[in-house]
Amino acid sequence: MENTLPINLRRVKKTNLIINRLHIFTQGFALLALIYYRTNFLFQIIKIRDKNTPFLPHALVFLSELILSFLWVLSQAFQWNPISRKVFPERLPGNDKLPSIDVFICTTNPIKEPSVDVMNTLISAMALDYPADKLHVYLSDDGGSSVTFQAVKEAWKFLKWWIPFCRKYEVKTRCPVAYFSADESKDENEKFSSTEFIAEKKKIEKKYEEFKRRILKIIENTSSFTSRDHDPLIQVINDENCGVDSDKTEMPLLVYVSREKRPFHSHHFKAGALNVLLRVSGLISNSPYILVLDCDMYCNDPTSGRQAMCFFLDPKISPKLGFVQFPQKFHNIRENDIYDSQLRFFWPKLEGVDGLRGSMLVGTGFYIKREALYRTSNVQEDNDLVQLQKAFGPSYEFIKSLQQNYKLNASRDEEFSGVSLKEIRFLASCGYDNNTKWGKEVGFRYFSVLEDYFTSFNLHCNGWISVYLDPAKPCFLGSATTNLNEIIVQYTRWVAGLVEVAVSRFSPLIYGPLRMSTLQSMCYANSAYDFLIFLPVYCLAIVPQLCLLHGIHLYPKVTNPFFIVFSFLFLSSQLKHIQEVFSSGHSIRTWAIEQRIWMLRSLTCYMYGTLNGISEMIGLRAASFLPTDKAENDEQSKLYQMGIYDFQASGLLLAPLCTLYILNVVVFIIGVPKIFHIRQASKMFIQLFIPLFGILINYPLFEGMFLRKDDGRVAPSITILSAALCIIILSFGSLALIY
Ligand SMILES: O=c1ccn([C@@H]2O[C@H](COP(=O)(O)OP(=O)(O)O[C@H]3O[C@H](CO)[C@@H](O)[C@H](O)[C@H]3O)[C@@H](O)[C@H]2O)c(=O)[nH]1
Ligand SMILES: [Mn+2]
């Protein structure tokens, strides 16, 4: 009976599919009408050489509309076939038949990534509901910090208490900090009401508090120095080196890895760290499946591994299945998510691309097949060793590990033998990648700082498929960036990474369609070319406004039939957005926030990200991956919790926003009476509406500049600078546009 029941189900989201396709056809038709209107109009201007109608502003607005249409067309691939999935882990075969899993956790800086939180991630992974002898956890410490090394040992000691407790009471939240703050004892399970349980929970909570105190003490007594010049350090953590008495508790393997770092050597950031873990684990546990976690994202549902196995063990899809991606969800999001920190708009896209040939990777919270990263299946003994070494590097031991019948060198209980430790350190040395295919065709790819996106693109190009699973109880919960400066810096890094791909030979528009379906490459292209968005947004925030001041009308008047086309396009895209917001369970306020943050990102992140990406490509700037700051700043998180914007961000980031805001306010104030004066209201309706929409949506910026007195307001110096910039645009911009 067991074999006949499916272990996973795939369901097309029919209502969404119908709405989406209707939208595609109506909106597509309206866009064609718009293009017809604009081309016709521009030809007319050229033909009759009408001196009163300047060509440039019309051309700019048309170009903006073309860019927006181009991105819209690409993004419709995400809308074409949205699906959802369900799994039945209880139907999986017994524990003895489950394949083993290696967990990779990356951390890099104990100041920006507080050790207590990183250890919580590590503990939650060690406590996953998976057979202990089939679970191996590797922590990559890119900072090579003594704080982290000592903290891992403390975590091991605490785990000796935590794991038996979780097993005995089948605890559902295995990240201690989340467990002790959520009060799982309210659970209906009768196990949780026994006095024995309550006493034991108290004891464990005390142990946890002690553990935290010890870590804080380590931080106090040790320098948090992160070194860029050190030897590799790889250590299997066990009772002996933690100074605890051995007992019978079955523990998953825990390995601390700090790869070699040297100044002037490019380490390829997180992708480089993951590749070292791939090699090191290849020699130690060599599990066929790997879970990748950022240090800011703990396991919230301990059954994620079993859920993923519902796909990997399904013979219908497993041979081609490269990875199973879970969404990134966050524990620190409030109802009124004023910066759209949770990226609400992004996750439904993955359901869309999952309906094609599978979700993209998003860096963390995914189970991936080791084989997919090696790009090789069944390396046989008779493969040419020289060829293999060219691809995988010189280590013969490692190449042996590619073979399916490879017998592991190190056992979990004993220390490595001298030889294998030497080999493992060699695999973690910084020159190992050189002149091999690591980062190019093997492992996580180095080409872009957005290693998740680019690796994902490569895997799909190589024919792998993937799966997106969004269960009701989130499997992983992260801490989202909730401060304006961090958000802009983070998003700018992502855009830079995308630009690098978009304008390279790997452009998804050219490289993609030859290797994957057209719709799927459209999805990758939509992300890659999204950077273009800053051009139309700047244009539409300046050009129609300046023209309004000079009485140049750029849009059809209210009585013109094409007025309906423009109004329809605006209304239908907003309604579609509202429908998406509602169908993910949010309110109209979320719509307004997303509109606002979209404009903010377009004007800052997309512009600076494009500049960064291009300067990196032409060598003007070194590639960088500045990790986000995960340490809670009380003042800032208080403002976020209260739903108040904190504008204490760098002037470079805020000035464009403030300048354009002031410009739109000025134009609107001057524009309104002007229109009534010359009776142009019907010609200028759209041009008056655009600044009004911008002003209303971004009202918090007005408050920040002119009404607020607290520390979180826009610094007066930035407001003054922006006003000055606004005057410059008003004077020079007008000259440029009209003559
Ligand atoms: O040189 C580095 C830099 C970063 N990291 C780790 O990479 C992870 C992600 O860094 P984070 O600062 O949290 O960046 P985010 O922007 O939040 O990360 C998102 O974007 C990254 C790509 O830019 C993806 O790798 C991540 O999975 C995705 O969550 C963290 O665990 C870091 O410790 C390293 O190991 N080495
Ligand atoms: Mn992060």
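Start with Val280: leaving aside its neighbours within four places in sequence, this residue is in contact with Tyr138, Ile234, Val257, Ile424, Leu427 and Ala428. Bear in mind as you look around that this is a predicted model. Val280 belongs to the largest nonpolar core, a set of 183 residues, and together with Leu122 and Val137 it touches the most other members. If you want to know which element gives the most to this core, look at H17, with 12 residues. As a general backdrop, nonpolar side chains in soluble globular proteins tend to be buried together.

From there, move along to helix H9, which runs over residues 269-284 and holds Lys270. The unreviewed UniProt entry annotates Lys270 and Asp294 as "binding site". The two are spread over 25 residues of sequence, yet they cluster in space, with a largest C-alpha distance of 9.5 Å. Lys270 counts as buried because 22 C-beta neighbours sit inside 10 Å, and the cut-off for that label is 20 or more. Once neighbours within four places in sequence are set aside, the contacts of Lys270 are Cys106, Glu451 and Phe625.

Asp294 sits in a strand instead, S7, which covers residues 289-294. Asp294 is buried too, since 24 other C-beta atoms lie within 10 Å. Its contacts, again leaving out neighbours within four places in sequence, are Cys106, Gly363, Thr364 and Gly478. So which residue turns up in the contacts of both Lys270 and Asp294? That would be Cys106.

Now for ligand 1. Which of the 23 residues around ligand 1 come nearest? They are Cys106, Phe269, Asp294, Gly363 and Pro627. Strand S3 (101-107), H9, helix H16 (451-461) and helix H17 (484-502) are the elements that give two or more residues to this shell. In character, the shell is a mix: eight of its residues are nonpolar, seven polar and eight charged.

Phe269, one of those residues nearest to ligand 1, deserves a second look. Its place is in helix H9, and its phi is near 50°, a positive value in a residue other than glycine. Most residues other than glycine have a negative phi. Phe269 has 20 other C-beta atoms within 10 Å, so it is buried. Compare Asn435, where phi is near 55°, again positive in a residue other than glycine. Asn435 is found in the loop between helix H15 (418-427) and H16, and it is exposed because it has 9 other C-beta atoms within 10 Å, against a cut-off of 12 or fewer.

H16 and H17 come back when you turn to helix H18, residues 518-529. Its 12 residues should span 16 Å at 1.5 Å a residue, and the end C-alpha atoms are 16 Å apart, which agrees. Why is H18 largely enclosed by the rest of the structure? Because 10 of its 12 residues are buried. The buried residues include Gln520, Met522, Tyr524, Asn526 and Tyr529. They pack against helix H2 (55-75), helix H3 (77-80), helix H11 (347-354), H16 and H17.

Helix H7 is the other one to trace end to end. It has 27 residues, 195-221, which should span 39 Å at 1.5 Å a residue; the end C-alpha atoms are 39 Å apart, which agrees. The buried residues of H7 are Ile204, Phe211, Ile215 and Ile218. An α-helix has 3.6 residues a turn, so residues three or four places apart point the same way. Among the elements that cover the buried residues of H7 are helix H4 (115-126) and helix H5 (146-169).

What about the membrane? UniProt, in an unreviewed entry, places the feature "transmembrane region" at residues 21-39, 59-78, 531-552, 647-672, 684-702 and 714-738. Take two of these in turn. Residues 531-552 are 73% helix and 0% strand, and their end C-alpha atoms lie 29 Å apart. Residues 647-672 are 85% helix and 0% strand, with end C-alpha atoms 30 Å apart.

Finish at Ile46, which lies in helix H1, residues 14-48. Ile46 is exposed, since 10 other C-beta atoms lie within 10 Å. To get a feel for distances across the model, go from Ile46 to Cys475: they are 429 residues apart along the chain, and their C-alpha atoms are separated by 60 Å.

Terms used:
Residues are numbered from 1 along each chain as its sequence is written. Chains are lettered from A and ligands numbered from 1 in the order in which they are written. This is a predicted model: local features need pLDDT of at least 70, side-chain atom pairs count only at pLDDT 80 or more; totals for chains, interfaces and linings use all residues. Helices (H or I, at least four residues) and strands (E, at least two) are DSSP runs, numbered from the N terminus. The expected span of a helix is 1.5 Å times one less than its number of residues. Two residues are in contact if their C-beta atoms, placed from the backbone, lie within 7 Å. UniProt positions are given in the numbering used here, feature names are shortened, and annotations may be inferred rather than shown by experiment. A residue is near a molecule or strand if its C-beta atom, placed from the backbone, lies within 6 Å of it. Ala, Val, Leu, Ile, Met, Phe, Trp, Tyr, Cys and Pro count as nonpolar, Asp, Glu, Lys and Arg as charged, and the others, Gly among them, as polar. A nonpolar core is a set of buried Ala, Val, Leu, Ile, Met, Phe, Trp, Tyr and Cys residues joined through C-beta atoms within 7 Å.
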